[in-house]
Every structure is written in C-alpha cells, then in structure tokens.
Amino acid sequence: MTDACLFCRIVSGEIKGTIVFRDDQATAFRDINPVAPTHILIVPNKHIESVSALERGDEQLIGYLFTVASQLAKSEGITKGGYRLITNTGSDAGQTVFHIHMHLIGGQRMKHPMG
Ligand code: AMP
Ligand code: ZN
C-alpha cells in the first residue's frame, strides 16, 4: 500500500471505485473514462509500479490477472466477440497511473491502432 497511489486507495476502499471483482490478490473496477462498452482495470492488490518493476516471484500474481480477466470477460458477455488486454508501461506507452494494471476492453469492434 502506497498512500499516494490512486489504485492502492481504490483497492483499500479509501477512494470509491465501481468494483466488479475483489479477492485477497486482485481487484477489478470500471475505468472512469471508458473507451468501449466494457472497460475494466484489473490490478494486483500489492503495489507494483509497472511491468518494469516486476521481480522473480511475481509470476503467479501477474498470471492470475489473466485468469481474472478471462472470468470477467465471461460475466460481461464479451468472450465470443473477443476483447483486448492492454498493459501500458512507461510514458511512451501512455501509462498515467503507476500501479500495474491490465485494461480489459471489449463490447465493440476495435478501431484503435496499436502504435
Ligand atoms: P494508463 O493510462 O494505462 O495508466 O491507465 C490508467 C487508467 O486509469 C485510465 O484509463 C484512466 O481513465 C483510469 N482512471 C484514472 N482515474 C481513475 C479512477 N479514479 N477510477 C477508475 N479509473 C481511473
Ligand atoms: Zn499502488
């Protein structure tokens, strides 16, 4: 938990988010500025800044984020149509919140270019 970190504060409940999943390892909540009908952010409860800060031992936790994404895609009804999972890393990629997160985006045909 980092006091200054927005997503740590959403995980702890100090700042309200539209939580769609929560357990002892991960939390998922709706993005405040959605780019598609489904736009959910999936974060580990543990504060990790970005992919660049990952260490040996984080593999299980990061892999688990994909499992949560898969379950949420099912409950959102977007599995058949498909969806995109994005983890922006660093400023060139447009990362704005430095608590590692996976965007789960779906519910429409993607138009957004990859670079
Ligand atoms: P990124 O640009 O990859 O770091 O993604 C950060 C995301 O967090 C953006 O899509 C923002 O819209 C989203 N965001 C910022 N503040 C909040 C908030 N309070 N609750 C939910 N999502 C947020
Ligand atoms: Zn954090």
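The zinc ion (ligand 2) sits in a tetrahedral site in this predicted model, with angles of 106 to 116° among its four donor atoms. For comparison, the ideal angle for four tetrahedral donors is 109.5 degrees. Two cysteines and two histidines do the holding: Cys 5 and Cys 8 each offer SG, while His 47 and His 99 each offer ND1. These atoms lie 2.0 to 2.3 Å from the zinc ion. Read along the chain, the donors follow the spacing C-x2-C-x38-H-x51-H. Cys 5 belongs to the segment before α1 (6–12), and His 47 to the loop between β3 (38–44) and α2 (59–76), so this pair ties together parts that are 42 residues apart in sequence.

How exposed are these donors? Cys 5 counts as buried because its relative accessibility is 7%, under the 20% limit. Cys 8 is buried too, at 2%. His 47, on the other hand, has a relative accessibility of 24% and so counts as partly exposed.

As for sulfur–sulfur links, a search of the whole structure turns up zero disulfides. In general terms, such a link would be a covalent bond between the sulfur atoms of two cysteines. Cys 5 and Cys 8 instead appear here as donors of the zinc ion, each through its SG atom.

The loop between β3 and α2 also holds Asp 58. With a relative accessibility of 6%, Asp 58 counts as buried. Leaving aside residues up to four places away in sequence, Asp 58 touches Lys 46 and Ile 48.

Notes
Residues are numbered from 1 along each chain as its sequence is written. Chains are lettered from A and ligands numbered from 1 in the order in which they are written. This is a predicted model: local features need pLDDT of at least 70, side-chain atom pairs count only at pLDDT 80 or more; totals for chains, interfaces and linings use all residues. Side-chain values use heavy atoms; hydrogens and water are left out. Donors are N, O and S atoms within 2.8 Å of the metal (3.2 Å for Na, K and Ca); water is not among the atoms, so sites may look incomplete. Four donors count as tetrahedral if all angles lie between 85 and 135 degrees; four count as square planar and six as octahedral if opposite donors are over 155 degrees apart and all others between 65 and 115; anything else is irregular. Helices (H or I, at least four residues) and strands (E, at least two) are DSSP runs, numbered from the N terminus. Buried means under 20% relative accessible area, exposed over 50%, partly exposed in between (1.4 Å probe, protein chains only). Contact means heavy atoms within 4.5 Å. A disulfide is a pair of cysteine sulfur atoms within 2.5 Å.
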